[in-house]
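Student: Please take me through one part of this structure closely. I would like to see where its residues lie and what surrounds them.

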Amino acid sequence: METKDLILRNWRDSDAKALYEMCLDEALRKSGIDFYNSITDSQSAIQCWMNDSGFKVIADKRNDNFIGFISLGGMNRYDGYMELEYAIAAPYRNNGYAIQAVKRMLDYGFKEMNLSAIAAWVRSHNRASISVLDKCSFTFEGRLRKHARDKSDTLCYSILKEDWERKICKIDSLLHSANIDIRIMNYDDIPFICKADGDESQKNIAYLKRQLDNQEKRECTALLALYNGTAAGYVFLYYQCRWGGLSGHNIPGIVDLIVFEKYRRKKIATMLLDAAETIAKQHCNKIYLDVCLNSDYGPAQRFYIKRGYIPDGKGVYYEEKICETDAVCRNNDELTLCLVKEL
């Protein structure tokens, strides 16, 4: 499992030293994380965790360095309920890694394990962990006074599957039909998108990763269309688009509305644009896009005009600059018309 910066992987014997050193941290001891008296102790613990699909090492994607761990445990309550635990080693804190790991584990728990609820217990003095849970859309359920072994209070947080679908995936009824589902794209989708598109080149992979990196920076929303569960297309909505005719005008812009050939004429483009416009409306009362003028884009031109997109009145653009009268240009993908819609 991956995020922007992390890999959530299985345990290895070689993680024992890093685990032992991490758990010497006094802050983790106060938060209730187990610690070990020797590397041998941590090796023994790792042997028990190696085959646990819900207990992962958090590692740096660049070099596989041990950053911490995250787990979903059953706690013998009922099928569909698990509790979340995580820890980040001191040198790696304040980089957003815990948030990335928790969000990815929620995806895993609700999508792949089909859980109904995920809870988390945190000491009342652990402000950093409380902040992580808040940012990951957990709900504060209550306080158990003097509940912890050190007689501090324990706070209970939880998130239900329906909360996750609404707050994390941002899916609502507008984005569903009998066969089509529109949801937020994530890093794990990239191989399936490339395979469905028939383009598994490093260039395409790098392009999609770049868009998802920008989504992590909250510059855009990446929307994926699924047709009967298979990747069928995507679109990127930038809240303040940096490309095209209206770049720099603080107007949301559509970038690369793509529907794979075998899934065209199934209203997938319509639903992708519906979703993008709904999100754009939260930022501005306008949205724009640039459409190429060559004949390959004839169906797209008609589609956008029917959707209420109209030219911005500045003529055509060539290489993202207004093409002046009598200017020399080529009728390629750099020759575009900027279309705007009032929301």
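**From a loop to a helix and its neighbours**

Tutor: Ser53 counts as partly exposed, because its relative accessibility is 39%, which lies between the 20% limit for buried and the 50% limit for exposed. Keep in mind that this is a predicted model. Ser53 belongs to the loop that links helix H3 (39–49) to strand S2 (55–60). Along the chain, Ser53 and Asn10 are 43 residues apart, yet 7.6 Å separates their C-alpha atoms.

Now to the part for a close look, helix H5, which spans residues 127–135. Its residues Ser129, Ile130, Val132 and Leu133 are buried. These four lie on the same side of H5, because they cover an arc of only 155 degrees around the axis. An α-helix has 3.6 residues a turn, so residues three or four places apart point the same way. Arg127 and Ala128, on the other side of H5, are exposed. After H5 comes Ser137, with a positive phi near 70 degrees.

What lies over the buried residues? The cover includes helix H4 (97–112) and three strands, S4 (81–88), S5 (117–123) and S7 (154–160). Of these, take S7: 6 of its 7 residues are buried, so the strand is mostly covered. S7 pairs with S5 in the antiparallel sense, over 7 bridges; in one of these, Ala117 is partnered by Leu160 of S7. Strand S6 (residues 139–144) also runs antiparallel to S7, joined by 5 bridges, and here Leu144 has Thr154 of S7 as its bridge partner.

Notes. Residues are numbered from 1 along each chain as its sequence is written. This is a predicted model: local features need pLDDT of at least 70, side-chain atom pairs count only at pLDDT 80 or more; totals for chains, interfaces and linings use all residues. Side-chain values use heavy atoms; hydrogens and water are left out. Buried means under 20% relative accessible area, exposed over 50%, partly exposed in between (1.4 Å probe, protein chains only). Helices (H or I, at least four residues) and strands (E, at least two) are DSSP runs, numbered from the N terminus. The arc is that of the directions from the helix axis to the C-beta atoms. Contact means heavy atoms within 4.5 Å. Two strands pair if DSSP finds at least two bridges between them.
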